[in-house]
Amino acid sequence: MEVEKHKRTIGYCSCFVVLLLVAVFALAIALGVVASRLRDQPDSCPTSSNIALDPPDNLPPFYDLTHSEIQAVKRFLYGQKELNLVKPSVITLNSSYIFSFELLPPIKQEALDYLDNGNSQPVREARVVIFRGDSKVPVSEEYTVGPTANPTYMKDKGTFPFRYRPLTGPETVAAITLLHAEIGGKANAILLESYGGKLGDCSNNCLGFEMITPMSSSASGEPMNRKMWYWLAPTVEFWSLNSLDFVVRVDLTSSDPDQYYIDRIFHAGRMFRSVDELVQAYNANTFAKTRVNYPKADRNLFSSLNRRGTLFPSEPLSPPQEFEPDGKRYSIKGRHIQYMGWDFDVRMSTLFGPQLFDIRFDDKRILYELSLQECAAFYSANSPEIRFAAYTDSVALIGTRARSLVPGGDCPVHATFLSANHVIESQEAPMVVDRAFCVFEHNTATPLRRHLTSFGGNKFYEGMLDSVLIVRTVATVINYDYIFDFIFHQNGAVEVKAISTGYILASFRFPPENEYGFALNEHITGNIHHHMFNFKVDMDINGQANRFETIEVRPEVADNTLWSASSGAKYSQTKMVRKQIKNEASAAVNYNLSTPKYLTFYNDKVKTRAGSPRAYRLLMKGMSKQMVTPGTGQEPSVSWARHQLAVTRYKDSERRSSSIYACYDGENPVVDFQDFMADNESISDVDQVAWVTMGVHHIPHMEDQPVTPTVGLDLRFFLLPYNYFDEDPAIGSGDAIRVEPRDQNDLNAGLRVERYGRKENAQCMPQKSAFDEELENKPESLFDKPTGDFTI
């Protein structure tokens with residue numbers, strides 16, 4: 001037995017030694033493989049800063065106000081004793097204070113004299129909005145202040161009704177305070193029984209007034225007033241998909257917040273004129289009471305954006321990413337961008353959002369200005385908070401809504417980011433958004449051109465993927481997120497794209513809402529609404545003296561006797577009919593699919609060798625029809641939406657198609673776009689502006705929950721060269737690939753592949769994004785700091 005046991009022990013040891021040797025050998029092989037892979041791993045891609053640097057001291061004419069300029073303008077304004085301005089820390093509704101200001105782009109001709117003729121640079125000026133709540137008759141005033149580096153003058157005063165002003169912090173805080181006192185003080189028991197939550201002191205199951213609907217005199221039928229509907233909702237992710245049947249209208253007409261009062265409450269399908277009336281009716285059981293459970297706020301809440309449902313992929317696998325094997329092929333100096341023949345300036349208007357200026361291709365100006373003018377969304381419903389939701393988003397200062405973009409979520413990680421400075425009412429120092437824009441080159445994976453001839457004596461292939469430069473910003477206006485892309489193609493084409501995503505606004509479900517949307521959940525209806533976007537497109541095609549011409553596609557029944565055996569034979573086809581549009585009234589385009597047409601712009605004195613005008617074509621792929629009756633409700637404030645396109649004569653006095661007052665000025669618009677066309681001036685051989693409107697009617701559906709996907713909601717228009725060049729300018733791009741036989745008669749001789757000096761299989765490792773670390777150190781770059789007050 002002992003001998004047998006000893007033999008087994010020796011056997012076990014021998015096996016262990018063998019296994020150990022095998023393991024060591026395997027480890028050595030593995031280490032060798034790893035070392036080999038490390039040696040073969042591509043180098044890191046060439047890098048440059050992902051944050052664009054500031055420009056030199058000599059600021060370009062379109063560069064946004066710097067911190068020092070903002071401070072200088074504020075010092076000047078505070079020194080104007082007649083304005084009686086107070087600092088942001090002590091502003092009230094009935095005081096005078098600076099609401100906002102931003103760069104006022106120079107007069108166009110002055111800018112052109114500087115850019116083209118070397119004249120002195122235009123004086124940099126700011127346009128200032130001041131609320132004069134302490135005046136005998138409160139008003140909103142606007143002034144031009146300059147020069148911004150050291151202001152010496154204040155001119156061009158504009159005065160507007162105080163009730164038209166955009167959303168302000170002091171009035172919002174005052175209104176919410178009133179609502180908490182009145183509703184929370186008298187009706188919290190109703191809220192607790194109806195919705196399982198309450199206002200005010202609540203550690204859990206909190207309710208809040210999360211949304212507003214401005215209601216102007218043109219909507220209420222009550223002249224000279226300013227009112228607002230406030231929506232009650234649970235404070236969960238996200239409140240708009242958990243709408244409640246409790247909305248309150250507050251009269252905000254007075255400049256004294258102590259005079260604010262509740263004049264309507266809509267609850268359980270009924271209207272009440274006061275909180276007391278509601279409480280009395282509720283206690284008397286005079287109507288059917290609402291009973292809704294407070295949402296369970298966990299990761300599975302249907303309105304949240306937590307990952308759930310069927311999870312895929314089955315294991316964590318990263319999506320494809322772009323990289324730049326030779327570094328960035330564009331350059332940014334300050335806010336001036338150059339790329340593949342393109343160069344232009346970009347800025348962020350605090351009030352109205354993204355603007356591009358002096359857009360050139362091969363150093364020839366194509367556009368002087370390409371800018372967002374307004375975003376609007378008009379809803380329809382039975383319930384008042386949705387019915388009167390006719391939003392023009394400049395009321396919320398669109399530029400300030402473009403908050404920091406997230407690499408890998410909003411933009412590729414290799415993008416370059418541009419910051420923006422804003423002057424807002426609530427803080428003395430400028431509001432800084434670190435990543436207001438992202439700029440990046442993108443391979444669309446779609447051929448810009450290609451052709452293959454696979455037979456005969458001249459076989460070849462040539463093709464080129466469409467790599468483009470994209471300038472992107474995203475504005476989040478409370479619930480909706482609007483993505484704006486300005487896209488530059490290598491063939492001289494410009495593309496502008498607007499996409500809607502984010503959360504829909506939903507109403508509490510009652511039978512009368514069935515005509516306005518589908519039931520999306522037990523208690524909510526997704527109401528129909530119309531998104532509208534207006535852009536200013538100031539083209540200067542071979543100079544400022546341009547013509548607007550349509551090329552209509554018309555049916556023709558042509559004589560065909562020459563080509564047919566039948567006498568009197570006819571043949572149906574189409575032909576083009578050129579038509580110059582000579583005045584503004586004729587240049588308002590309401591598109592009709594039964595009469596297709598091209599829209600072209602050109603200088604009649606600059607033509608091709610064959611005599612055709614060197615033109616650009618406007619191609620619109622995001623058209624919609626505004627269905628609200630013209631001249632009713634808030635429609636006059638967005639009268640630009642009556643036409644898909646309007647072309648007017650350029651005027652310095654017609655800088656914008658909308659204003660920050662548009663949400664409340666329907667009775668008498670501060671900027672009435674119809675006035676731009678009312679004088680019916682000639683637009684023949686003069687400086688013109690095209691005003692392009694895009695839109696989409698959105699009837700929400702189940703898949704819009706929790707958030708509306710972007711697929712199918714992209715609206716876009718193009719500016720396409722149309723006989724402008726002698727050939728496609730992208731023929732000079734080194735991005736192309738050409739393949740041809742070395743011998744056309746003998747394929748066995750091999751193929752010649754031309755990549756124009758590019759590496760065949762360029763490889764490098766993309767740089768790791770530092771965003772997570774930066775966000776950890778500076779969370780306010782993405783989220784607002786809590787202030788304790790209601791934040792608009």
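Here is a chat about the cysteines and one helix pair in this predicted model.

Colleague: Let's start with the cysteines. How many disulfides does the model have?

Modeller: The count comes to 2 disulfides.

Colleague: What makes C202 and C206 a disulfide?

Modeller: Their sulfur atoms are 2.2 Å apart. The cut-off is within 2.5 Å, so the pair qualifies. The link of C202 and C206 is right-handed, with 125° about the S-S bond. Both C202 and C206 are buried, too.

Colleague: And why do C411 and C438 count as a disulfide?

Modeller: Same kind of check. The sulfur atoms of C411 and C438 sit 2.2 Å apart, and a pair within 2.5 Å is called a disulfide. This link is left-handed, with -85° about the S-S bond. It ties together distant parts of the chain, 27 residues apart: C411 lies in the loop between β15 (390–392) and β16 (416–422), while C438 belongs to strand β17 (residues 431–453).

Colleague: How do you know whether C411 is buried or exposed?

Modeller: By its relative accessibility, which is 4% for C411. Buried means under 20%, so C411 is buried.

Colleague: What about C438, buried or exposed?

Modeller: C438 has a relative accessible area of 0%, so it is buried as well.

Colleague: Why is C375 not bonded to C663?

Modeller: The closest cysteine sulfur to that of C375 is in C663, and it is 12 Å away. A disulfide needs sulfurs within 2.5 Å, so 12 Å is too far for a bond. Looking from the other side, the closest cysteine sulfur to that of C663 is in C375, again at 12 Å and too far.

Colleague: Are those two buried or exposed, and how do you know?

Modeller: C375 has a relative accessible area of 2%, so it is buried. C663 comes in at 3% relative accessibility, and therefore counts as buried.

Colleague: Now the helices. Why are α4 and α7 called roughly parallel?

Modeller: Helix α4 (residues 169–186) and helix α7 (residues 275–283) pack at an angle of about 15°. Angles under 35 degrees count as roughly parallel, so that label fits α4 and α7. Their axes are 10 Å apart, and α4 passes α7 in a right-handed crossing.

Colleague: Which residues meet there?

Modeller: From α4 there are E182, I183 and K186, and they meet V275, D276 and V279 in α7. The residues of this contact divide into 3 nonpolar, no polar and 3 charged.

How values were computed: Residues numbered from 1 in each chain as written. Predicted model: local features only at pLDDT ≥ 70, side-chain atom pairs only at ≥ 80, totals over all residues. Heavy atoms only, no water. Buried < 20%, exposed > 50% of the residue type's maximum accessible area, 1.4 Å probe, protein only. Helix = DSSP H or I, 4+ residues; strand = E, 2+ residues; numbered from the N terminus. Axes fitted to C-alpha atoms, helices over the stretch in contact; angles between N-to-C directions. Parallel < 35°, antiparallel > 145°, perpendicular 65-115°, else oblique. Left-handed = near helix turned anticlockwise from the far one by under 90°. Contact = heavy atoms within 4.5 Å. Nonpolar A, V, L, I, M, F, W, Y, C, P; charged D, E, K, R; others polar.
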